[in-house]
Amino acid sequence: MAKPAPTKKLGRNDPCHCGSGRKYKDCHLRAEEAYRGEQLKLRQAQDSLLPKIIEAAQSVPDQFPAAFARFWDGRYEIAQMDELDTLEDRGAERFLTWFAFDHRQADGRTLVEQLHDAAGSNGFDVNPVERQLLAAWRPARLRPYLVIELHKGRGIRARDLLGGREHDVADSHAAKRLEPGEVLVGHLVPADTAPGADAPTFYLAGAAAQLTADTADKLVEFAELHLADLRRTAPDATWDDLIDDRSAVLNHFVTALPREEPNPGLLDDIIARGRTSLQLTTESVQSLLGRGRPEE
């Protein structure tokens, strides 16, 4: 399907932007109207699908205790679930989003993967467009993103701190509250899955933790400790393997940060405590990583 041309709005009887010499209405108009209609359906579906996923997560509270302890690293008790939004910025939504996308159930699948496989049955009611999105959302995991550019009124461009992939994120609210250099720890899911799209535009699913610019390098250093530890048993493990296996450690870093003013000394303490808890030395980390900053 043709993608709308990034030019000024054309009238139906204007020459088509493709240079064919035909009128716009006789050339690309129909294809581009179909594309815009597909995008509208996808935007509506993303707004309706996430609440359904969160509701499904809330329907299995018996599965929360182990996941809750893992996500919060024992910092809170399950009885404090109703207080999380006070204790942590949108803490309950952050946990439920991670529980749905990252936490593996007894059968080895995440809840989102289970919901996709059960779509249309077992009470999980989704329309065809929501199911299309659900399929694209299955690989999403909690990851850290560096804000590199703001698109006023439209969203941001962000770079994955673990691997370097860049994404356009359609979130006008994020563009208002963020600054370049700040870090988001959250779930990005593809919002543009229409045929013909050059590259997908992403959508911020659920709540994300927003960190100050001074945390970026230390967060990567903290993640490197855990990748080094994973490589003790899986020598070829990549960033994607770490995220698939241990994305909760990113939240451990978030919850250890100071609430008020930046504290570089505390950031160093977080790294030191992480190295001690994993029984790693600087030399062993370097040996396990095999080089400088690991790549995908």
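Me: What makes the link between the side chains of H187 and D102 a polar contact?

Reply: In this predicted model, the side chains of H187 and D102 are joined at 2.6 Å, and since a polar contact asks for a pair of N or O atoms within 3.5 Å, the value of 2.6 Å satisfies the distance part of the rule. A polar atom of the H187 side chain also lies 3.3 Å from the backbone nitrogen of L142.

Me: How do you know whether H187 is buried or exposed?

Reply: The relative accessibility of H187 is 1%, and because buried means under 20%, H187 counts as buried. This residue sits in strand β4, which covers residues 183–190, and, with residues up to four places away in sequence not counted, H187 touches T97, W98, F101, D102, A140, R141, L142, Y203, L204 and A205.

Me: Why is the pair of F64 and F99 called edge-to-face?

Reply: The ring centres of F64 and F99 are 5.0 Å apart and their planes stand at 85 degrees; because centres within 6.5 Å make a pair and planes over 60 degrees apart count as edge-to-face, both conditions are met. F64 belongs to helix α2 (residues 64–72) and F99 to helix α4 (residues 91–101), so the pair ties together parts that are 35 residues apart in sequence. Both F64 and F99 are buried.

Me: What makes the pair of F71 and F95 tilted?

Reply: For F71 and F95 the centre to centre distance is 5.9 Å and the angle between the planes is 55 degrees, and because that angle is neither under 30 degrees nor over 60, the pair is classed as tilted. F71 in helix α2 and F95 in helix α4 are 24 residues apart, and their pair links distant parts of the chain. F71 and F95 are both buried, and they belong to one aromatic cluster together with F64, F68, W72, Y76, W98 and F99.

Me: Why is there no disulfide bond between C18 and C27?

Reply: The sulfur of C18 has its closest cysteine sulfur in C27, at 3.6 Å, and because a disulfide needs the two sulfur atoms within 2.5 Å, this separation is too far for a bond. A search of the whole structure accordingly finds zero disulfides.

Me: Why are C18 and C27 described as partly exposed?

Reply: The relative accessible area is 40% for C18 and 24% for C27, and because partly exposed lies between the 20% limit for buried and the 50% limit for exposed, both residues fall into that class.

Me: How do you know that the span of α8 agrees with what its 15 residues should give?

Reply: At 1.5 Å a residue, the 15 residues of α8 should span 21 Å, and the end C-alpha atoms of α8 are 21 Å apart, so the two values agree.

Me: What makes α8 a mostly covered helix?

Reply: Twelve of the 15 residues of α8 are buried, among them A216, L219, F222, E224, H226, D229 and L230.

Me: Which residues have the most contacts inside the largest nonpolar core?

Reply: The largest nonpolar core has 73 residues, and those with the most contacts inside it are I53, F95, F101, V185 and L211. Helix α8 (residues 216–230) supplies the largest share of this core, nine residues. Its neighbours within four places in sequence aside, V185 is in contact with several residues, including L142, P144, L211, L219 and V254. A second, separate core of 13 residues includes Y145, V147, L184 and F202.

Technical notes. Residues are numbered from 1 along each chain as its sequence is written. This is a predicted model: local features need pLDDT of at least 70, side-chain atom pairs count only at pLDDT 80 or more; totals for chains, interfaces and linings use all residues. Side-chain values use heavy atoms; hydrogens and water are left out. Helices (H or I, at least four residues) and strands (E, at least two) are DSSP runs, numbered from the N terminus. Buried means under 20% relative accessible area, exposed over 50%, partly exposed in between (1.4 Å probe, protein chains only). A polar contact is a pair of N or O atoms within 3.5 Å; within protein, one must be able to donate a hydrogen and the other to accept it, and residues adjacent in sequence count only if both atoms are side-chain atoms. Contact means heavy atoms within 4.5 Å. A nonpolar core is a set of buried Ala, Val, Leu, Ile, Met, Phe, Trp, Tyr and Cys residues joined through side-chain atoms within 4.5 Å. Rings of Phe, Tyr and Trp (its six-membered ring) pair if their centres lie within 6.5 Å; planes under 30 degrees apart count as stacked, over 60 as edge-to-face and the rest as tilted. The expected span of a helix is 1.5 Å times one less than its number of residues.
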